[in-house]
Amino acid sequence: MVIFENVRKVYDDGTVAVNNLNLEIKEGEFVVLIGPSGCGKTTTLKMVNRLEECTAGKIYVDGNDITTVDPVKLRRGIGYVIQQIALMPHLSVAENIGIVPRLHKWEKNKIDKRVDELLEMAGLNPAQYKYRLPDQLSGGQQQRIGVLRALAVEPRVVLMDEPFGALDPISRDRLQNELLELQKKLKKTIIFVTHDIDEALKLADRIVIMRQGRVEQIDTPSELKNNPVNDFVKAFIGEERLAKISPEAPIDIIIEEPGLKVLPDTKASLVLNHLEDIGPESAQVVDRNGKWLGMAIVPDIKKVAKLGGYIKEAVRLERKLYIEEATLRDAAEMLADRDLPVPILDENNIFLGVVTHNGIARLTISRLQRKIS
Ligand SMILES: Nc1ncnc2c1ncn2[C@@H]1O[C@H](COP(=O)(O)OP(=O)(O)OP(=O)(O)O)[C@@H](O)[C@H]1O
Ligand SMILES: [Mg+2]
């Protein structure tokens, strides 16, 4: 139903987001993509409905090479729940859910009925919620509406990008069950992205574990649990194994994308503006070949910006860890010392990502949760 053939995506700035993906998803199959932040999950979904074009390779949906299908037509046949819910703020809940049915020129009555049916399915009383605007809903409710919107016209393929990420555990569990029920009845082909291995194990027919644009393993949940192909996969599954991660474990599993990554010849003033817009206190300076040239922090960038200089003049080189030798303990100690991300490099000084307080906190939380349950 959906086939990825040697698919590769390189963004304009040289970021290799997806690296030679091969995956054949059968009709009615529920496939879950999972992996650390920045490993290419969203990009993979976006290529299916051509919000991003593949740099190389081919994707087939329902037997058709998607580059031969009109993108607008293609998208109408594919439900998409995007990572940031993005409901239309000026449209009511009912109008938001009805967007795609209207594009399909459904009659008003049919749309109304479908909206009610979907809201009930998601545990939201239609009379109460239908006419509200998105900002009159909680985050979790908005997320549910996003899911309903994607299911409205019963597309045969549904792409879901962390659809339950912002839900409380109870709603999450309930919607997961509903999705499974629905899947039994409707047999859609679903590609679902999550960070939560328990969610993946519960929902998936097959799980694709990704890291840095590559696939580490594609298997059924039980195969993954019984036969993980490497330590990285092991770290992702198996509650016991995760609970046993020691402070001496490698840092792979908590590497994430930096808040800002810039080329060395970027004007310092530009970087400063950017940082002010998006919030982080530092930028990683990386050349076109992926080589790390240092990290720049706001006070230094300000000084250089005042002189009209470039970001490469503001970098510091001391703070970094090498992936082969660093442990979680090393990362935690550096972070405890100073609240700034720690860049992670390979032996050739290629920049792999950063480790932050958040990563350590997430790890701690998942350990705590697993111990309790
Ligand atoms: N428009 C873009 N231009 C350049 N690089 C991009 C663009 N969009 C994404 N990337 C980069 O591509 C890589 C993969 O991004 P993607 O959004 O697919 O990750 P993800 O696995 O969905 O992460 P997350 O779990 O954080 O949502 C990242 O390194 C990201 O920074
Ligand atoms: Mg994503």
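How many residue pairs are in polar contact between domain 1 and domain 2, counting pairs with both residues at pLDDT 80 or more? The count is zero. The structure is a predicted model, and the two domains are a good place to start reading it.

The domain assignment of the chain gives domain 1 as residues 2-240 and domain 2 as residues 253-362. Six residues from domain 1 and six residues from domain 2 make up the contact. Taken over C-alpha atoms, the centres of the two domains are 31 Å apart. Between domain 1 and domain 2 an area of about 520 Å² is buried, and carbon and sulfur atoms give 57% of that area. The rule for salt bridges finds zero of them across this interface.

Next, look inside domain 2, which spans 253-362, at helix H13. This helix covers residues 268-278, and Ala268, Val271, Leu272 and Leu275 in it are buried. These four residues lie on the same side of H13, because they cover an arc of only 105° around the axis. A general point about helices helps here. An α-helix has 3.6 residues a turn, so residues three or four places apart point the same way. What do the buried residues of H13 pack against? Their partners are strand S11 (261-262), strand S12 (282-286) and helix H14 (298-306). Just after H13 comes Gly279, which takes a positive phi of about 105°.

Strand S12 also holds Ser282. Is Ser282 buried or exposed? Ser282 has a relative accessible area of 5%, which means that this residue is buried, since the cut-off for buried is under 20%. Leaving aside neighbours within four places in sequence, Ser282 is in contact with Leu260, Leu275, Met295, Ala296, Ile297, Leu340 and Pro341. Among these, Leu275 has already appeared as one of the buried residues of H13.

Now turn to domain 1, residues 2-240, and to His104. This residue is found in the loop between helix H4 (99-103) and helix H5 (108-121). His104 is partly exposed, with a relative accessible area of 35%. Which residues does His104 contact, leaving aside its neighbours within four places in sequence? They are Arg76 and Val153. The side chain of His104 reaches the backbone oxygen of Arg76 at 3.3 Å. Ala56 is 48 residues from His104 along the chain, and the C-alpha atoms of Ala56 and His104 are separated by 32 Å.

Definitions and conventions
Residues numbered from 1 in each chain as written. Chains lettered and ligands numbered in written order. Predicted model: local features only at pLDDT ≥ 70, side-chain atom pairs only at ≥ 80, totals over all residues. Heavy atoms only, no water. Buried < 20%, exposed > 50% of the residue type's maximum accessible area, 1.4 Å probe, protein only. Helix = DSSP H or I, 4+ residues; strand = E, 2+ residues; numbered from the N terminus. Arc of directions from axis to C-beta. Contact = heavy atoms within 4.5 Å. Domains from an automatic or database assignment. Buried area = accessible area lost by both parts, 1.4 Å probe. Salt bridge = Lys/Arg side-chain N within 4 Å of Asp/Glu carboxyl O. Polar contact = N/O pair within 3.5 Å; in protein donor to acceptor, adjacent residues only side chain to side chain.
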